[in-house]
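Hi,

Here is the structure I promised to pass on. Have a look at it first, and then read my notes underneath.

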Amino acid sequence: MELRPLGNTGILVSPIALGCWPIAGLTSPGTSDADSLATIHACFDVGINHLDTAYSYGRSGESEELIRRALGPRRREMVIATKGGLHWDAEGRQARDASPATLRRQCETSLRRLGTDYVDLLYLHAPDPKVPVGESAATLKRLMEEGKTRCVGASNLTLDQLEEFAAACPLAAFQPPYNMLQRQIEADILPWCREHGVAVMVYWPLMKGLLAGRLPRDATFENDSRRKYPMFQGEEYQKNLDFVEVLRRIAARSGHTVAQLVINWTIHQPGVTAALCGAKRPEQIRETAQAAGWRISPEDLAEIDQALAQRGTPVIRVPV
């Protein structure tokens with residue numbers, strides 16, 4: 001698999017990364033340690049060299065612990081990214097705390113869980129309304145200067161916040177949601193990142209499974225977090241599935257799955273460095289890896305653009 005520069009750091013990453021949220025088990029029924037370990041091991045076989053995790057992936061760091069167990073002496077063969085600034089409170093709710101003391105404590109805890117003395121990329125997971133972004137960024141800069149991370153990134157920031165962050169700390173990477181139906185960053189953040197040499201590592205390339213081509217028309221998403229997204233409700237959901245049917249025809253012609261087509265489109269958008277793709281079983285990441293190493297034809301790209309125009313602007317709400 002081709003490798004791409006991680007900003008201006010000299011680090012090279014695969015255009016497909018393993019998103020390690022699913023192996024934490026919080027929202028993935030049927031997850032097992034054996035499958036999770038095998039999934040990480042499969043990355044070596046398919047050329048994926050980038051693992052993306054976080055302090056808050058799992059109630060007690062299960063995702064980071066599994067990475068340590070899977071990599072062992074091969075740790076230096078992987079580019080490991082983790083994040084700080086989010087945690088689970090006593091009521092089991094996700095809470096933000098990006099204060100200097102918390103970011104330092106979470107970083108040191110993540111290093112112990114991962115069994116390493118440094119990570120390759122340390123993100124601010126999300127802004128904390130009680131802490132200036134520049135203050136959080138300055139803390140991550142100090143952690144980088146101490147050798148606890150090779151470079152620093154940020155996730156889920158506005159453009160103004162990105163600029164504030166970059167003024168306080170060298171910014172190597174930004175991690176936003178992005179996919180065929182969720183393209184707001186193309187207006188401002190992607191151009192800014194290209195101009196400033198910032199790698200863009202996108203999450204939700206399949207929009208929580210919507211663009212994988214496997215959801216039924218009559219899905220109700222009971223006890224499922226997708227219920228709170230307009231994309232999965234009523235007429236919006238049906239319009240999205242109509243669009244997916246066009247993708248299905250294009251994918252079949254090219255000999256790929258819908259998910260492979262969508263991820264290939266994503267990693268070839270100007271300014272996108274990598275797509276973070278979750279998996280909890282090895283066969284899933286093996287399939288996803290086949291989204292790299294080829295290009296969608298100009299004719300198929302034109303048909304995708306036409307289908308997007310026909311679908312119209314989707315109603316999007318990203319929960320805070």
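A definition to start with: buried is under 20% relative accessible area, exposed is over 50%, and partly exposed is in between, using a 1.4 Å probe and protein chains only. Keep in mind that this is a predicted model, where local features need pLDDT of at least 70 and side-chain atom pairs count only at pLDDT 80 or more, while totals for chains, interfaces and linings use all residues. Residues are numbered from 1 along each chain as its sequence is written, and side-chain values use heavy atoms, with hydrogens and water left out.

**Two residues with positive phi**

N156 counts as partly exposed, because its relative accessibility is 30%. N156 sits in the loop between β9 and α5. (Helices are DSSP runs of H or I with at least four residues, strands are runs of E with at least two, and both are numbered from the N terminus.) N156 is not a glycine, yet its phi is positive, about 60°.

F221 is another non-glycine with a positive phi of about 60°. You'll find F221 in the loop between β11 (199–202) and α7 (234–254). Is F221 buried or exposed? At 8% relative accessibility, F221 is buried.

**Helix α1 and its partner**

α1 has 14 residues, and its first and last C-alpha atoms are 20 Å apart, close to the 20 Å expected at 1.5 Å a residue. (The expected span is 1.5 Å times one less than the number of residues.) The buried residues in α1 are S36, L37, T39, I40, A42, C43 and F44. What do they pack against? The buried residues of α1 pack against β3 (16–19), β4 (50–52), α2 (62–71) and α9, where contact means heavy atoms within 4.5 Å. After α1 comes G47, with a positive phi near 90°.

Helix α1 (residues 33–46) and helix α9 (residues 282–289) have axes that come within 8 Å and cross at roughly 30°. That makes α1 roughly parallel to α9. (Angles under 35 degrees count as roughly parallel, over 145 as roughly antiparallel, 65 to 115 as roughly perpendicular and the rest as oblique. The axes are lines fitted to C-alpha atoms, for helices over the stretch in contact, and angles run from 0 to 180 degrees between N-to-C directions.) On the α1 side the contact is made by D35, A38, T39, A42, C43, D45 and V46, and on the α9 side by P282, I285, R286 and A289. The crossing of α1 and α9 is right-handed, meaning that the near helix is turned clockwise from the far one by less than a right angle; anticlockwise would be left-handed.

**Helices α4, α5 and α6**

Helix α4 (residues 133–145) has 13 residues, which should span 18 Å at 1.5 Å a residue, and its end C-alpha atoms are indeed 18 Å apart. Buried in α4 are V133, G134, S136, A137, T139, L140, L143 and M144. These buried residues pack against α3 (100–114), β8 (119–124), β9 (149–155) and α5 (159–168). G147, just after α4, takes a positive phi of about 85°.

α5 also packs with helix α6 (residues 189–196), at an angle of about 20° and with the axes 10 Å apart. So α5 is roughly parallel to α6. Their crossing is right-handed. L159, L162, E163 and A166 of α5 meet I189, W192 and C193 of α6.

**Three more residues to look up**

N264 is in helix α8 (residues 258–267). N264 has a relative accessible area of 1%, so N264 is buried. Which backbone oxygen does the side chain of N264 reach? The backbone oxygen of A291, at 2.9 Å; a polar contact here is a pair of N or O atoms within 3.5 Å, and within protein one must be able to donate a hydrogen and the other to accept it, with residues adjacent in sequence counted only if both atoms are side-chain atoms. Neighbours within four places in sequence aside, N264 touches A291, W294, R295 and I296.

L12 belongs to strand β2 (residues 12–13) and is partly exposed, at 42% relative accessibility. Not counting residues up to four places away in sequence, L12 is in contact with L3, R4, P5, N49 and V79.

D305 lies in helix α10 (residues 298–311) and is partly exposed, at 45% relative accessibility. D305 and M180 are 125 residues apart along the chain, and their C-alpha atoms are separated by 9.7 Å.

Cheers
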